[in-house]
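Biologist: Please take one helix of this protein and go through it closely. I would like to know which residues face inward and what covers them.

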Amino acid sequence: MGKAKKNPTTVPEAGEFSQHTPMMQQYLTLKKQYPETLLFYRMGDFYEMFFGDAEKAARLLSITLTTRGQSAGAPIKMAGVPYHALEGYLAKLVKLGESAVICEQQGDPTGKGPMERVVSRILTPGTLTDAALLDERRDALLLALARDAKQMGLAWLNLASGDFAVTEIAPAMLAATLERLRPAEILLPDCLDSDFPLPEGCARTRRPDWHFAVDTARDLLHAHFRVTSLEGFGAEHLNPALAAAGALLQYARATQGSTLPHVETLRVETESRYLGLDAATRRNLELTETLRGQPAPTLFSLLDTCVTGMGARFLRHALHHPLRAPEIPAARHEAVAVLQDDYGRLAESLRCALKTQADVERIASRIALANARPRDLSALRDSLSRLPEIFTPLVENPAPLLAQLAADLAVPEAALAFLQAAIAEEPAALIRDGGVIAPGFDAELDELRALNDNCGAFLMELEARERARTGIPGLKVEYNRVSGFYIEVSHIHTDKIPDDYRRRQTMKNAERYLTPELKILEDKMLSARERSLAREKNLFDAALARLQPEVPTFLKIARALAQLDMLASFADTALTRDWRRPEFVATPGLQIEAGRHPVVENELTAAGDSFIANDLTLSEARRLLIITGPNMGGKSTFMRQTALIVLLAHVGSFVPAQSARLGSTDQIFTRIGASDDLASGRSTFMVEMTEAAAILHQATPNSLVLMDEIGRGTSTFDGLALAFAICRHLLEKNKSHTLFATHYFELTRLAGEYQSLANVHLDAVEHGDRIIFLHALEEGSANQSYGIQVAALAGMPGAVIRGARKELRELEQKAAQAADPLAALQPDLFASLPAVAEPDPEVARLLETLDALDPDTLSPRTALEALYALKTQRARSCSS
């Protein structure tokens with residue numbers, strides 16, 4: 001969790017400020033503008049930090065903290081990094097969620113007083129555009145948050161693509177929305193409490209409350225989009241979302257020093273557009289990171305065979321934003337089917353062509369912000385010139401989506417022609433190094449380069465002409481740093497010196513002269529390099545300005561390339577892993593034949609093992625499955641694979657199954673795994689109940705619900721009672737399609753009460769002292785849980801295993817004494833208890849629960865716990 005921390009640097013009061021040296025006064029004046037951000041202050045070949053910044057930088061970057069000199073009578077703490085290593089240190093800071101201000105020196109270093117210094121860049125985790133600081137396969141979103149009495153307003157911006165969106169949600173949906181977006185930086189008003197959890201690695205930045213004023217935000221948005229109303233965006237009625245959008249736009253403009261011309265529209269997002277996935281579900285399904293927070297093995301790491309960063313980012317976004325309506329996913333299915341036809345030759349040729357593409361999306365954003373570098377433009381030029389290799393095979397494609405994407409890749413001929421004419425074939429990395437503008441593009445630049453590059457040739461030509469003109473065979477035209485350019489003639493030929501020669505220097509054996517022509521040449525030659533670089537800088541800035549109107553076209557091309565890369569990756573995965581095209585149907589339910597868990601199957605295959613596929617049928621008549629079986633038998637894997645198959649289908653991918661028919665699905669809920677929340681003071685059981693409660697409040701008949709081991713975090717009796725009640729609620733109220741895994745075998749009797757409930761199990765067999773998990777789903781309930789055998793596999797000491805087996809045999813013998821386990825146990829427990837004079841409501845509740853239990857399915861341990869609970873309560877009642 002990132003937090004905005006107060007920087008320990010302080011700016012002296014006015015009386016103290018005047019006592020500092022001129023250089024430190026300049027530094028402190030700049031630092032006062034950015035009191036909470038590290039300021040990198042250029043001094044010669046280093047970027048220095050002072051005072052509290054120096055201490056913080058030394059700690060974060062592992063650099064040396066020193067003390068040198070004094071200012072205002074106090075020693076100056078310093079820490080610095082070499083100018084050529086700056087980008088590496090900035091990348092480290094950004095990964096730590098920190099921000100930085102870069103201050104460059106300008107002007108003549110030989111002048112009086114300190115050199116002028118100006119802020120050149122402001123870097124924050126959510127406003128990065130520099131390729132060296134960005135993860136090419138992950139978006140870096142900037143998000144702002146505001147609220148009113150009823151709703152949370154969110155606005156977020158992907159500065160690299162110009163995508164700007166807003167939404168308003170109930171406070172209860174905040175965690176799920178933040179988990180979906182995973183912003184790099186969140187802007188919060190000072191007045192807003194921040195006790196809600198932030199996604200891991202997200203920086204938190206506080207802004208003044210007045211930045212979030214709704215009326216000011218509307219005015220700012222009207223001016224930015226050049227409109228008098230936001231009705232055209234569907235946003236005029238919003239309040240907290242617009243407050244967040246205004247604060248975000250103001251912050252992004254300030255950090256970029258730009259009006260953000262590539263941010264051309266505002267998108268209002270509604271939750272109903274996407275398949276609902278709460279924060280717990282995203283974690284449990286391990287879409288882009290494992291439960292331990294690792295990037296692999298996950299669904300994304302498995303699917304990401306994209307050959308461009310744009311495609312990988314599009315894939316990551318798609319996995320977190322599966323579409324609820326089937327039209328777009330179905331169009332993607334059709335495109336994948338076409339790409340994998342003929343053994344995937346079209347997909348393979350497409351992927352080969354895509355490998356030559358640069359990151360057009362991020363280059364376009366840098367052009368819009370006027371901070372693109374020379375090699376960005378050469379990479380863009382080369383990418384545009386190769387677009388026909390990609391779109392030509394797709395133009396008359398039977399898949400409408402592929403044909404549309406091909407049309408979006410139309411080459412902007414004017415922009416390409418300009419880039420080909422203006423930018424050198426292999427430009428320098430930085431404009432200050434020269435060699436960026438192509439020869440022949442600008443006559444003045446060509447002349448300056450010729451003067452600089454062909455100085456020797458000019459001198460030789462002049463020398464030949466002057467020898468011919470004067471008849472002096474030994475005449476020389478030369479240059480040195482002391483005298484500059486000169487014509488040298490020996491004393492014996494002084495009588496032949498022309499009238500336009502002016503003596504510059506007398507030597508022992510010769511005279512050195514300067515002519516008007518040579519003086520002009522000298523002036524040009526000595527300033528040619530400097531003037532050439534200045535001219536080239538002006539031409540490059542003009543080139544960026546010329547390309548800015550083309551940015552929307554470049555972004556359109558980038559989106560098409562990204563989606564094609566993702567679709568080709570889907571086709572490659574489908575071919576290599578034998579995934580099949582899913583089908584959306586109008587009938588409610590879910591029918592999967594030979595479904596597999598994609599990530600688990602990949603891990604098993606890598607280890608030389610095979611995955612056991614399983615079928616699944618959920619329908620109107622079969623809404624809830626009680627899944628029993630041993631630990632490690634595959635219950636959780638089976639449930640997760642079902643959710644992943646549904647999600648993949650709604651993303652537009654083929655799925656790991658022989659076939660899959662999906663009815664309408666609006667949300668996926670999971671209650672899987674056990675963990676506590678120490679930061680909030682919530683126990684494992686409290687977390688479990690909170691997640692279960694959210695499901696019962698939100699699930700609909702079109703939701704897919706996965707419940708794993710509900711109630712195991714408390715006593716058996718309480719847990720069993722809760723499991724019964726939750727199961728009944730899902731059947732009677734929510735009517736969701738549900739997979740309900742449990743070790744409470746008592747729940748299986750519900751199949752006799754509800755026709756829409758069925759029992760299935762994953763079995764295991766014992767072979768000697770070993771247990772073999774079959775992993776195959778069968779109808780009916782399991783007959784035992786094999787808990788002791790699993791404990792033995794986990795390495796439990798032999799003495800403990802033997803003791804457990806003995807205890808189990810004793811419990812089973814007691815249970816076998818009568819057909820009714822309750823009748824066998826009750827006399828021993830209650831024979832000595834007197835009758836209760838007044839009815840105890842708690843006793844009555846416990847007796848009612850006992851009466852509801854089925855002796856045929858009641859486990860001995862559950863019976864014992866239930867009866868002991870009843871005995872204790874009756875004893876309390878009698879004693880009172």
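Modeller: What follows is a close look at helix α18, after a few words on the whole chain. This is a predicted model, in which local features need pLDDT of at least 70 and side-chain atom pairs count only at pLDDT 80 or more, while totals for chains, interfaces and linings use all residues. Residues are numbered from 1 along each chain as its sequence is written, and side-chain values use heavy atoms, with hydrogens and water left out.

The protein chain has 29 helices and 27 strands (DSSP runs, H or I of at least four residues for helices and E of at least two for strands, numbered from the N terminus). Of its 880 residues, 51% are buried (under 20% relative accessible area, with exposed meaning over 50% and partly exposed in between; 1.4 Å probe, protein chains only).

Helix α18 covers residues 455-470. Its 16 residues should span 22 Å at 1.5 Å a residue, and its end C-alpha atoms are 22 Å apart, which agrees (the expected span is 1.5 Å times one less than the number of residues). Buried in α18 are Leu 459, Leu 462, Glu 463, Glu 466 and Thr 470. Viewed down the axis of α18, these residues fall within an arc of 105°, so they line one face of the helix (the arc is that of the directions from the helix axis to the C-beta atoms). Met 460 and Ala 468, on the other side of α18, are exposed.

The cover over the buried residues of α18 includes strands β14 (476-480) and β15 (484-490) and helix α19 (516-547). After α18 comes Gly 471, with a positive phi near 75°.

Definitions and conventions
Contact = heavy atoms within 4.5 Å.
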